[in-house]
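Biologist: Please take a close look at one part for me: the place where the two domains meet. Walk me through that contact, then add what you can on the ligand site and the backbone.

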Amino acid sequence: MTSITSWGRLRAAEHSVVPLSDRESAAQVISSARRPALASGMQRSYGDVSTNAGGTLWDCRGLDKFIAFDEQSGVLRCESGVLLRDIQATFSARGWMLPVTPGTAMVTVGGAIANDVHGKNHQSYATFGNHVVHLTLVRTDGDVIECSPQENPDWFSATVGGLGLTGVILTAAIQMKRVPGPWIDAEDIVFESISDFFELSDASEAEYEHTVSWLDVTTDGGRRGIFTRGNPVAASTPEPRETRLTFPITPPASLVNRLTLPAFNRSYFRLKATRARRRVEHYGSFFYPLDSIGDWNRMYGPKGFYQYQSVIPRRDAEEATRAMLAECSQAGAGSFLGVLKTFGDVQSLGMLSFPEAGVTFALDFPEHGEQTEALFARLDSIVRASGGRLYAAKDARMPRDMFERGYPQLERFLAFRDPGISSELSRRLLGS
Ligand SMILES: Cc1cc2nc3c(=O)[nH]c(=O)nc-3n(C[C@H](O)[C@H](O)[C@H](O)COP(=O)(O)OP(=O)(O)OC[C@H]3O[C@@H](n4cnc5c(N)ncnc54)[C@H](O)[C@@H]3O)c2cc1C
């Protein structure tokens with residue numbers, strides 16, 4: 001048994017890990033594993049969607065081969081354990097990149113599909129699943145299902161954003177996007193209020209592919225932030241050398257607390273504000289700023305941390321964002337990470353995909369037991385009242401009825417579950 005913890009490091013649990021590395025034998029290995037089992041990638045999900053305490057994990061990271069790339073159409077076929085980092089590095093030099101990427105490249109293709117991840121360009125390119133043109137799914141009874149938006153479309157929509165519960169994704173074909181090179185014409189703009197964020201978003205969405213904001217969520221009521229926007233651009237600048245620091249130890253207590261947070265956020269704001277400008281930036285630092293600090297999740301100490309990510313329909317988003325910030329202030333709980341971003345209105349293909357037209361707000365909180373739970377309960381009320389929902393890829397505690405209400409296609413999805421697969425999240429939110 002191996003002790004595994006997800007990115008939030010809230011709990012470590014023993015798993016029997018079965019590596020998958022050869023796609024020819026994968027179906028046989030999958031069908032003979034001890035149940036319940038679950039596929040896993042890089043464990044970059046924050047909560048319990050990727051863990052199966054006491055059970056089996058099929059470790060898909062060994063399924064790491066590119067299978068074919070069509071230079072004409074830009075369709076890449078690969079195994080599901082291939083990292084987004086390796087796709088971007090290999091194909092950006094050839095003028096192609098992934099159309100959608102999350103805020104870390106240390107994610108597998110299988111993990112990106114199972115959570116139907118989004119990036120900074122949702123308003124233009126929707127989610128990762130919108131660019132998957134085919135996938136091969138292996139069920140625990142040994143069945144192999146080929147699916148795409150045209151072939152077995154229901155299996156496809158159940159598996160995209162299906163939280164790993166419909167089977168193991170063995171391979172995927174992804175429609176890549178033509179780019180002028182690995183560069184982004186980027187700009188940071190300082191804003192002083194939540195209304196400014198909404199104005200900047202409205203003014204930027206038509207002309208900028210990528211938009212995202214960092215918000216200063218401090219206990220003293222800071223509401224300023226940095227709005228970042230950008231477009232792909234051609235440039236002849238040499239590519240930067242990768243520099244990577246690693247957070248060396250897990251400190252005995254969270255370094256993010258009431259005393260340190262205002263100072264952290266003030267310094268970060270000043271640093272960004274003094275450098276706020278238009279620049280040509282490499283996609284690596286633009287898309288994946290946190291990837292340059294290995295194991296940064298250790299900074300929250302041995303008890304770990306939660307990420308609370310909601311999406312609120314646009315109509316109520318401004319009021320709900322203010323209300324959530326007020327709750328954080330009242331609870332004396334600031335967040336180092338406060339990311340606000342708009343989602344466009346392209347429909348996700350997955351039955352359980354998280355994004356919907358509106359505004360998503362992500363906040364990180366160190367685990368402080370009942371105090372943290374009480375704050376979450378208040379934030380939940382705001383999300384419920386405005387008809388929003390929470391992101392399962394980040395979740396470790398949402399109440400079951402909130403999941404049921406937030407995901408109206410859940411009942412339809414259940415028919416596609418693989419009975420041999422279960423995660424801690426599925427046991428918590430679906431009862432098995
Ligand atoms: C710094 C950071 C930034 C992030 N930014 C974003 C962001 O901007 N947008 C966003 O959407 N997410 C973001 N995330 C979350 C992350 O992109 C997702 O959690 C992603 O799914 C993790 O992929 P993984 O390979 O680590 O999969 P894991 O976390 O190991 O697993 C995730 C899910 O995928 C399933 N799975 C994995 N492989 C397979 C397979 N082969 N077949 C079937 N199911 C499989 C698992 O069962 C599980 O349900 C971020 C995470 C971090 C740490």
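Modeller: What follows goes through the domain contact, then the ligand site, then two backbone details. Keep in mind that this is a predicted model.

Start with the two parts. The domain assignment places domain 1 at 63–179 and domain 2 at 183–397. Their centres, taken over C-alpha atoms, are 25 Å apart. Domain 1 brings 34 residues to the contact, and domain 2 brings 30 residues.

Now the area. The size of an interface is often given as the accessible area lost when the parts come together. Here domain 1 and domain 2 bury about 2,600 Å² between them. Carbon and sulfur atoms account for 59% of that area. On the domain 1 side, Lys120, His122 and Gln123 lose the most area to domain 2. Together these three make up 28% of what that side buries.

Next, the polar links. Between domain 1 and domain 2 the count is 1 salt bridge. Lysine 177 and glutamate 209 form a salt bridge, and their closest N and O atoms are 3.0 Å apart. Polar contacts across the interface come to 21 residue pairs, both residues at pLDDT 80 or more.

Which helices supply the domain 1 side that touches domain 2? Helix H2 (84–92), helix H4 (122–125) and helix H5 (153–159) each give at least two residues. By residue class, that side of domain 1 holds 17 polar, 13 nonpolar and 4 charged residues.

On to the ligand. There are 34 residues around the ligand. Of these, Ala39, Gly41, Ser45, Thr108 and Tyr391 come nearest. Some of the links are polar. Glycine 41 places a backbone N or O atom 2.8 Å from an oxygen atom of the ligand. Arginine 44 also has a backbone N or O atom 2.8 Å from a ligand oxygen. Tyrosine 391 uses its side chain: a polar atom there lies 2.7 Å from an oxygen atom of the ligand.

Last, the backbone. Arginine 35 and proline 36 are joined by a cis peptide bond, with omega at about -5 degrees. Proline 36 sits in the loop between helix H1 (23–31) and strand E3 (37–40). Alanine 126 has a positive phi, near 60 degrees, in a residue other than glycine. Alanine 126 belongs to the loop between H4 and strand E8 (132–138). H4 is also one of the helices on the side of domain 1 that touches domain 2.

Key:
Residues numbered from 1 in each chain as written. Predicted model: local features only at pLDDT ≥ 70, side-chain atom pairs only at ≥ 80, totals over all residues. Heavy atoms only, no water. Domains from an automatic or database assignment. Contact = heavy atoms within 4.5 Å. Buried area = accessible area lost by both parts, 1.4 Å probe. Salt bridge = Lys/Arg side-chain N within 4 Å of Asp/Glu carboxyl O. Polar contact = N/O pair within 3.5 Å; in protein donor to acceptor, adjacent residues only side chain to side chain. Helix = DSSP H or I, 4+ residues; strand = E, 2+ residues; numbered from the N terminus. Nonpolar A, V, L, I, M, F, W, Y, C, P; charged D, E, K, R; others polar. Near = heavy atom within 4 Å.
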